[in-house]
Structure formats: structure tokens, C-alpha cells
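Open your viewer, load the model and keep the sequence panel at hand. We will go from stop to stop, selecting a few residues at a time.

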Amino acid sequence: FVGYLAEVIMYSATLKLDQLQLLDGNVVASYFLDRAPSPKPLKERVTVKLPMLGNGSAWKLSADRNPGELRLATDGSTSSRWKTNESQKPGRWFKIELPAAAKIAGLALDSEGTYNDYPRSYVVETSTDDKSWSKVAEGKGSALTEITFASVTAKFVRITLTGTEPKANWGINELAIFEGR
């Protein structure tokens, strides 16, 4: 048995990633990688035809998990990301503080560069003072979650998970806020 096991290990080490298979025959493309190839920039893929709000580098970001990687959600690169480093659970949140109150009408959460890290379900709330919050949207996510709502004036935007996915982080490769009118 030991000889057989050594042979399997040596053989599997020489396989290309697209040839890797489990004993049950299922291909595991993410065995070594947890990321898909980097997609095009977010602004080239969104279908919402509203202008995007300003420069994300001026936004103050906070979250209940992994604060050291927050800037990766607005760094302009689809190959980097902020992630929770924990499975998706209701109550996980990500918050944006804009430099000044602005009219906003939606946002895009891009997780296309990472396997399975999109929010399963969420609620979006806005605030002008970071104390009183109003729900403006809720729904189910996808690899590119585009959320629109009636234009509101806000200085703060908070996305909170309401769904569960025990086998996936919540991650944001890029984040955009749509301007309101």
C-alpha cells in the first residue's frame, strides 16, 4: 500500500491543473487556486448605465472582519480582494464612508475574480450620520452583484449578509457606487 500511495503522490504531482481529478472523477479546478483568471475592469462589465461615484481611494472603509485588506476592495484591480477569511454568516458587514454626503442610486459588488465568494443574500442600508440607518435594497448576490435603488442622499453605505454559505468566504474584488440624481 505504501508503494501505491507513493506512486499516486508522484503521479498527481506531475499532472497539470486541468488534469487533476479526485478518485470519484470530479475535476477540482480550485484544488491549488481559489481564484479565477482576473476579469476585465469592473466599469467594462457592469450593465447598470448610471455613472460611478468618484474615486474609491477617498472612501473610508470598515468591516466586521479582516480590516487589514479593506483597501483591496477599491484598489482598481480585479486580481486583489477583501475577504472575510471566514464562512458567510448573517450579520457580517462591510461599510463605506464617503468624504461627503452624496446622492447615490446603487452599487456593484464584484466577486468574479474569485470562486464562490459572492454574497448569498444581503441587505443594503444608507445613513447620513452613521447612527440612523434606512434599508434601501435587499436581494440575492451573484459573481457580479449589481444593486440599484431609488436615489438617496447618504454619507454611509453598509452591506450586511443575511444568508449563509459554510463553504465560502465573502469577498469583494472591486466595489463601485452608482451616482443618484
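Start by selecting Arg45 and Glu112: their side chains are joined by a polar contact of 2.5 Å. This is a predicted model, so please read each stop on the tour as a feature of a prediction. Arg45 sits in the loop between helix H1 (2-14) and E1. Now add Lys40 to the selection, and you will find its backbone oxygen 2.6 Å from the side chain of Arg45.

Is Arg45 buried or exposed? With a relative accessible area of 16%, Arg45 counts as buried, because the cut-off for that label is under 20%. To see its surroundings, show Pro39, Thr78, Asp110 and Leu144 too; they are among the residues in contact with Arg45 beyond its close sequence neighbours, those within four places.

**The strands**

Zoom out and colour by secondary structure. One helix and eight strands should appear, in the order α-β-β-β-β-β-β-β-β from the N terminus.

Next, select strand E3, residues 93-110. Which strands pair with E3? Take the partners one at a time:

- Strand E1 (residues 60-63) pairs with E3 in the antiparallel sense, over four bridges. Pick Ala63 to find one end of a bridge; its partner in E3 is Phe94.
- Strand E6 (residues 144-161) is also antiparallel to E3, and 13 bridges join the two. Here, Lys95 has Arg158 of E6 as its bridge partner.
- Strand E8 (residues 174-179) runs antiparallel to E3 as well, with six bridges. Look for Ile104, whose bridge partner in E8 is Glu179.

**The nonpolar cores**

Keep E3 on screen and show side chains. In soluble globular proteins, nonpolar side chains tend to be buried together. In this model, the largest nonpolar core has 27 residues, and Phe94, Ile96, Leu107, Val124, Ile159 and Ile177 touch the most other members. Two or more residues come from each of E1, E3, strand E4 (121-127), E6 and E8. E3 gives the most, with seven residues.

Centre the view on Phe94, which you met as the partner of Ala63. What is in contact with Phe94, once neighbours within four places in sequence are left aside? The list includes Leu61, Leu70, Trp82, Val157, Ile159, Trp170, Ile172 and Leu175.

Then look for another core, apart from the largest one: this one has seven residues, among them Leu42, Ala108, Leu144 and Ala176. Leu144 may look familiar, as it is also in contact with Arg45.

**A serine in E4**

Now select Ser127, in strand E4. Ser127 is buried, with a relative accessible area of just 2%. Where does its side chain find a polar partner? Show Ser132: its backbone oxygen is 2.8 Å from a polar atom of the Ser127 side chain. Beyond neighbours within four places in sequence, Ser127 is also in contact with Trp133, Ala154, Lys155 and Phe156.

**The whole chain**

To finish, switch to a surface view. The protein exposes about 10,000 Å², and 54% of that comes from carbon and sulfur atoms. Of its 181 residues, 43% count as buried. As for contacts with a sequence separation of 6 or more, 77% are between residues 24 or more positions apart.

Terms used. Residues are numbered from 1 along each chain as its sequence is written. This is a predicted model: local features need pLDDT of at least 70, side-chain atom pairs count only at pLDDT 80 or more; totals for chains, interfaces and linings use all residues. Side-chain values use heavy atoms; hydrogens and water are left out. Two strands pair if DSSP finds at least two bridges between them. Buried means under 20% relative accessible area, exposed over 50%, partly exposed in between (1.4 Å probe, protein chains only). Contact means heavy atoms within 4.5 Å. Accessible areas come from the Shrake-Rupley method with a 1.4 Å probe; for residues, only the protein chains shown count as cover. A nonpolar core is a set of buried Ala, Val, Leu, Ile, Met, Phe, Trp, Tyr and Cys residues joined through side-chain atoms within 4.5 Å. A polar contact is a pair of N or O atoms within 3.5 Å; within protein, one must be able to donate a hydrogen and the other to accept it, and residues adjacent in sequence count only if both atoms are side-chain atoms.
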